[in-house]
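The following exercises concern one structure, shown below. Each consists of a task and a solution in steps.

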Amino acid sequence: MKILITGVGSTGKSTLRRLLVKACRSIGIRTEHYDADDFQKPRCSEDADSRRPESFRDDVLYIIEDVRGPVPGKAFLPISDYDGIIYVMPGPISNLMFWLPRAWRWYQKGKFDWDRNTGWRGIQKSYDVRNIAPIMKRLARYMRRRKEWIKEDLVAISGKPHLIIKSVWSPKGIRWKI
């Protein structure tokens, strides 16, 4: 069985994926998980397998996080290959609060907004003030277009079994609402 976790950028998809994997494994369900971005990025996350699965077994639950999941031609697997979809959707304030730490990390590292075709943007120098304006521009673009992207995603997943989970920022950490 294959489950897609998707949503626009910086919504808590990875956190939810890790929680689901931990819960499934704790009750004895054999579970593999992947972050589809890591198939292309030069540095992979530590918790997800960075190798593309060669094949899928019937006795394993696969949880695949793919921000491009609903986008034909850009997704790791076509949406029709999934048995179910979890769409993570924060409100605008929560989405902004999720983005701010990422923007800060980008500034600290001197590189930002990785793209599979062009790689990392930025000066490649930590704490370089020349990165501030482009990082803020990128953040503003994401916030301005999020509503449009969410609408497109929801249309794309409407014909498949799906669950919408709202991610809510709080000072104590992310909370979930179904």
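**Exercise 1. Determine whether Ser94 is buried or exposed, and describe its surroundings.**

Solution. Ser94 has a relative accessible area of 11% and is therefore buried; buried means under 20%, exposed over 50% and partly exposed in between, with a 1.4 Å probe and protein chains only. The model is a predicted one, in which local features need pLDDT of at least 70 and side-chain atom pairs count only at pLDDT 80 or more, whereas totals for chains, interfaces and linings use all residues. Residues are numbered from 1 along each chain as its sequence is written, and side-chain values use heavy atoms, with hydrogens and water left out.

Next, locate the residue: Ser94 belongs to helix H2. Helices (H or I, at least four residues) and strands (E, at least two) are DSSP runs numbered from the N terminus. Finally, list its partners: not counting residues up to four places away in sequence, Ser94 touches Ser167, Val168 and Trp169, contact being heavy atoms within 4.5 Å.

**Exercise 2. Describe how H2 packs against H3.**

Solution. Begin with the geometry. H2 (residues 92-109) and H3 (residues 132-157) pack at an angle of about 155°, and their axes are 11 Å apart. Axes are lines fitted to C-alpha atoms, for helices over the stretch in contact, and angles run from 0 to 180 degrees between N-to-C directions. H2 and H3 are therefore roughly antiparallel to each other, a label given to angles over 145 degrees. The crossing of H2 past H3 is right-handed (the near helix is turned clockwise from the far one by less than a right angle).

Then identify the residues. From H2, Pro92, Asn95, Leu96, Trp99, Leu100, Ala103, Trp106 and Tyr107 meet Ile132, Ile135, Arg138, Leu139, Tyr142, Met143 and Arg146 of H3. By class, this contact of H2 with H3 has 12 nonpolar, 1 polar and 2 charged residues.

**Exercise 3. Which residues of the largest nonpolar core touch the most other members?**

Solution. A nonpolar core is a set of buried Ala, Val, Leu, Ile, Met, Phe, Trp, Tyr and Cys residues joined through side-chain atoms within 4.5 Å. The largest has 24 residues, of which Ile64, Phe76, Tyr82, Tyr87 and Ile135 touch the most other members. At least two residues of this core come from each of E3, E4, H2 and H3; H3 gives the most, with 6 residues.

Now examine one member. Ile135 touches Ala103, Trp106, Tyr107 and Phe112, not counting residues up to four places away in sequence. Apart from the largest core lies another, of 10 residues, including Leu16, Leu61, Ile63 and Val88.

**Exercise 4. Compare the settings of Ser10 and Tyr127, given the phi of each.**

Solution. Most residues other than glycine have a negative phi. Ser10, however, has a positive phi near 55°, and Tyr127 has a positive phi of about 55° although it is not a glycine. Ser10 lies in the loop between strand E1 (2-6) and helix H1 (13-26), while Tyr127 is in the loop between strand E6 (119-121) and H3. As for accessibility, Ser10 is buried at 10%, whereas Tyr127 is partly exposed at 46%.

**Exercise 5. Which residues is Arg121 in contact with, leaving aside its neighbours within four places in sequence?**

Solution. Arg121 is in strand E6 and is partly exposed, with a relative accessible area of 30%. Beyond those neighbours, Arg121 is in contact with Gly110, Lys111, Phe112, Asp113 and Arg138.

Definitions and conventions: Parallel < 35°, antiparallel > 145°, perpendicular 65-115°, else oblique. Nonpolar A, V, L, I, M, F, W, Y, C, P; charged D, E, K, R; others polar.
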